[in-house]
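Work through the following exercises with the sequence and the model open. Each task is followed by a solution in steps.

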Amino acid sequence: MPQYWLMKSEPDEVSIDDALAAPDATVAWTGVRNYQARNFMRDGMKVGDGVLFYHSSCPEPGIAGIARVASGIQPDPTQFDPKSPYYDAGAKKEDPRWLLVDVQALRKTRLLALPELRAKPELADLVILRKGNRLSITPVEPAHWKVIEKMLA
C-alpha cells in the first residue's frame, strides 16, 4: 500500500515547473539536512509513494503539484561538494550522512495555500499545519491525501 508525503522545495531552487521540465519530469531531492526528514526518506519512502510537491520560503507557500517517489534512497552528492551550499565536511563517501530520492512530478495543480488547508477541519492534524513544524519532508495520512485530492479536483 503506498504511503504519502509532503515534500517542501523552494521554488527558486526547484519549482513544480522545473520538475515537470526535467528529463522524465524527475529531479533528485538534494539538500535535505535534517535527520528526521532524512530518516523519513531512508526508513519510510518507497518507489511509487505519493508526494504533495510544496513550495516553501516564497511569497505564497502551498501545495503546487502532485508527484511520486521515483527511486530508492541514494547518497546526496551535494554533501561532498565544497562548492555546494549543502556541503558537509563531516560526511564520508564510505558512510554518507545525507540521502536523496528522485521525485517525478506528475502534474501541476492550482496552488493550495496554507489558509485554505487550515480552513478544512478534516486537515486539522496534517503535520504541515502543526505549530512549530518546519520539516522539509513530512508524512501525510491517507485520509488527508484523499481530502487534498478532492480539494484539487
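A residue is called buried under 20% relative accessible area, exposed over 50%, and partly exposed in between. The model used here is predicted.

**Exercise 1. Classify K108 and describe its salt bridge.**

Step 1. K108 has a relative accessibility of 46%, so K108 counts as partly exposed.

Step 2. A salt bridge requires a side-chain nitrogen of Lys or Arg within 4 Å of a carboxyl oxygen of Asp or Glu. K108 meets this with D17, where the closest N and O atoms are 3.1 Å apart.

Step 3. The two partners come from distant parts of the chain: K108 sits in strand β7 and D17 in helix α1 (residues 16-21), with their positions 91 residues apart.

Step 4. D17 has 41% relative accessibility and therefore also falls in the partly exposed class.

**Exercise 2. Find how many salt bridges the structure holds, and examine two more of them.**

Step 1. The count for the structure is 5 salt bridges.

Step 2. One of them joins R42 and D43, with a closest N to O distance of 2.7 Å. R42 is partly exposed because its relative accessibility is 38%.

Step 3. Another pairs the side chains of D88 and R97 at 2.9 Å, N to O. D88, at 14% relative accessibility, is buried, whereas R97, at 28%, is partly exposed.

Step 4. As background, side chains of opposite charge can pair when their charged atoms come close.

**Exercise 3. Is D102 paired or unpaired, and what surrounds it?**

Step 1. Locate D102: it belongs to strand β7, which covers residues 102-113.

Step 2. Check for a partner. D102 is buried but has no salt bridge. R68 is the nearest side chain of opposite charge, and it is 9.3 Å away.

Step 3. List the contacts, using heavy atoms within 4.5 Å as the cut-off. Beyond four places in sequence, D102 touches T26, V27, A28, R68, V69, A70, S71 and Q74.

Step 4. Compare the two results for R68. R68 is among the residues that D102 touches, yet the pair does not form a salt bridge, as D102 has none.

**Exercise 4. Which residues does V14 contact, and where does V14 lie?**

Step 1. V14 is in the loop between β1 (4-9) and α1.

Step 2. With 23% relative accessibility, V14 is partly exposed.

Step 3. Leaving out neighbours within four places in sequence, the contacts of V14 are S9, A19, V27 and F53.

Step 4. For a distance check, take W29: V14 and W29 are 15 residues apart in sequence, and their C-alpha atoms are 9.1 Å apart.

**Exercise 5. Examine the backbone at D24 and S57, then place P85.**

Step 1. Most residues other than glycine have a negative phi. D24 departs from this with a phi near 60°, and S57, also not a glycine, has a positive phi of about 50°.

Step 2. Place both residues. D24 is in the loop between α1 and β2 (26-28), and S57 is in the loop between β3 (50-55) and β4 (62-69).

Step 3. Assign the accessibility class. D24 is exposed because its relative accessible area is 63%. S57, at 60%, is exposed.

Step 4. P85 lies in the loop between β5 (74-75) and β6 (99-100). P85 has 76% relative accessibility and so counts as exposed.

Step 5. Relate P85 to G31: they are 54 residues apart in sequence, and 8.3 Å apart from C-alpha to C-alpha.

**Exercise 6. Describe the whole chain.**

Step 1. The protein has 4 helices and 8 strands. Read from the N terminus, the order of elements is β-α-β-α-β-β-β-β-β-α-β-α.

Step 2. The radius of gyration is 15 Å, close to the 15 Å that the globule rule gives for 153 residues, so the protein is as compact as a globular protein of that length. The C-alpha trace spans about 45 × 35 × 30 Å along its principal axes.

Step 3. Of the 153 residues, 46% are buried. Among contacts with a separation of 6 or more, 73% come from residues 24 or more positions apart.

Step 4. The accessible surface is about 8200 Å², and carbon and sulfur atoms account for 51% of that.

Step 5. There are 20 positive and 20 negative side chains, and the centres of these two sets are 4 Å apart.

Terms used. Residues are numbered from 1 along each chain as its sequence is written. This is a predicted model: local features need pLDDT of at least 70, side-chain atom pairs count only at pLDDT 80 or more; totals for chains, interfaces and linings use all residues. Side-chain values use heavy atoms; hydrogens and water are left out. The radius of gyration is taken over C-alpha atoms; the globule rule is 2.2 Å times the number of residues to the power 0.38. Buried means under 20% relative accessible area, exposed over 50%, partly exposed in between (1.4 Å probe, protein chains only). Accessible areas come from the Shrake-Rupley method with a 1.4 Å probe; for residues, only the protein chains shown count as cover. Lys and Arg count as positive and Asp and Glu as negative; His and the chain ends are not counted. The place of a charge is taken as NZ of Lys, CZ of Arg, CG of Asp or CD of Glu.
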